[in-house]
Structure formats: structure tokens, C-alpha cells
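Trainee: I should like to learn how to read a structure that is new to me. May we go through this one together, feature by feature?

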Amino acid sequence: MTIRHVVTWKLAAEDPTVRAEQAKEAARRLNALDGVVPQLLSISAGANMAYPEANWDVTLVADFDSVAAIEEYQVHPAHEEVVTYIRSVVASRVAVDFEV
């Protein structure tokens, strides 16, 4: 069984240019976890590139072998470092985990 972990963030910056830069930085940091966090089967993150007035700012899609693997990923030091950055710029977060 593979669990797909999808997280989307709305960033707090009111200036659209700042928000776009922060979204790109969040995506860069998330994608840099590839090959660093062993529980990750795959990871893809990206900044929104269309309809910024309506869409959320950045999304992560990552695959894991199990819920336990997600929990190990969440406490991995490299992931915690990324979380620190994202929490410093985020306004809202939504997530879903489902089998694929």
C-alpha cells in the first residue's frame, strides 16, 4: 500500500510578489528533502503559477509506504527545518492522506 500525502498552504504575505517568492522558496526546500529523508518514496512540491487571487500558494505531494512512515518523516530533522520556515510564512494549511 502507498499513502499519498498532499498538503497545500496559503501564505500570509499580502504582497503578491513576496508571497510568490516565499512559495517558491517553500517548494525548493520541500523538494530538497528528496534523497535526504529515507521514508519518502517520492516528493513533488510547487508554487502556484496561475490565478493567485483564487488559488492557494504552494502544494506538496509525497508518497510513503505507510502512515508510520509519514510520522517518521514528520520528525526527521531535515523536515523539521523546512517546517520551521513554512510556519514562519504560512496563514493556513490543508492536508489529505489517501491510498493509491
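**Reading the features in turn**

Mentor: The side chain of Arg19 comes to 3.3 Å from the backbone oxygen of Glu14. Please keep in mind that the model is a predicted one.

Trainee: Where does Arg19 lie, and is Arg19 buried or exposed?

Mentor: Arg19 is part of helix H1, which spans residues 16-31. To classify a residue, one compares its relative accessible area with a cut-off, and buried means under 20%. Arg19 has a relative accessibility of 14%, and therefore counts as buried.

Trainee: Which residues does Arg19 contact, apart from its neighbours within four places in sequence?

Mentor: They are Leu11, Ala13, Glu14, Pro52 and Asp57. Pro52 shows how sequence and space may be read side by side: Arg19 and Pro52 are 33 residues apart along the chain, and 9.5 Å separates their C-alpha atoms.

Trainee: What can be said of Gln22 in helix H1?

Mentor: Gln22 also counts as buried, because its relative accessibility is 19%. With neighbours up to four places away set aside, the contacts of Gln22 are Leu11, Ala13, Tyr85 and Val89. Leu11 and Ala13 thus appear in the list for Gln22 and in that for Arg19.

Trainee: How should I read the burial of a whole helix, and which residues of H2 are buried?

Mentor: The general idea comes from the geometry of the helix. An α-helix has 3.6 residues a turn, so residues three or four places apart point the same way. In H2, which covers residues 67-74, the buried residues are Ala69, Ile70 and Tyr73. Viewed down the axis of H2, these buried residues fall within an arc of 105°, so they line one face of the helix.

Trainee: Against which elements do the buried residues of H2 pack?

Mentor: They pack against strands E1, E3 and E4 and against helices H1 and H3.

Trainee: How does one read a residue in a loop, for example Gln39 between H1 and E2?

Mentor: One asks again about accessibility and contacts. Gln39 has a relative accessible area of 19%, and so it is buried. Beyond four places in sequence, Gln39 touches Asp63, Phe64, Ala69, Glu72, Tyr73 and His76. Among these, Ala69 and Tyr73 are buried residues of H2.

Trainee: Which loop holds Tyr51, and what is its phi angle?

Mentor: Tyr51 belongs to the loop between strands E2 and E3. Its phi is positive, at about 55°, although Tyr51 is not a glycine. The relative accessible area of Tyr51 is 58%, and therefore this residue is exposed.

Trainee: Trp56 is in the loop between E2 and E3 as well. What does Trp56 touch?

Mentor: Not counting residues up to four places away, Trp56 touches Thr8, Trp9, Lys10, Asn48, Ser92, Arg93 and Val94. Trp56 is partly exposed, with a relative accessible area of 31%. Between the C-alpha atoms of Trp56 and Leu11 there are 7.8 Å, while 45 residues separate the two along the chain.

Trainee: How should I read a polar contact, such as the one made by Arg4 of strand E1?

Mentor: One notes the two partners and the distance between them. The side chains of Arg4 and Asp63 are joined by a polar contact of 2.7 Å. Arg4 counts as partly exposed, at 26% relative accessibility. Asp63 is also among the contacts of Arg4 outside its sequence neighbourhood, together with Val61, Ala62, Val96, Asp97, Phe98 and Val100. By contrast, the C-alpha atoms of Arg4 and Val75 are 18 Å apart, with their positions 71 residues apart along the chain.

Trainee: Finally, how does one describe a pocket, and how many residues line the largest pocket?

Mentor: One may consider its volume, its lining and the elements that supply the lining. The largest pocket holds about 240 Å³ of space. Its lining has 13 residues, and those nearest its centre are Trp9, His79, Val83, Arg87 and Arg93. By class, eight of the lining residues are nonpolar, three polar and two charged.

Trainee: Which element gives the most to this lining?

Mentor: H3 does, with four residues. E1, H2, H3 and E4 each provide at least two residues of the lining.

Definitions and conventions
Residues numbered from 1 in each chain as written. Predicted model: local features only at pLDDT ≥ 70, side-chain atom pairs only at ≥ 80, totals over all residues. Heavy atoms only, no water. 1 Å grid on protein atoms, 1.4 Å probe; cavity = no way out; pocket = protein on both sides within 12 Å on 5 of 7 lines; lining within 4 Å. Points joined across faces, edges and corners; volume = space filled by probe spheres on them. Nonpolar A, V, L, I, M, F, W, Y, C, P; charged D, E, K, R; others polar. Buried < 20%, exposed > 50% of the residue type's maximum accessible area, 1.4 Å probe, protein only. Arc of directions from axis to C-beta. Contact = heavy atoms within 4.5 Å. Polar contact = N/O pair within 3.5 Å; in protein donor to acceptor, adjacent residues only side chain to side chain.
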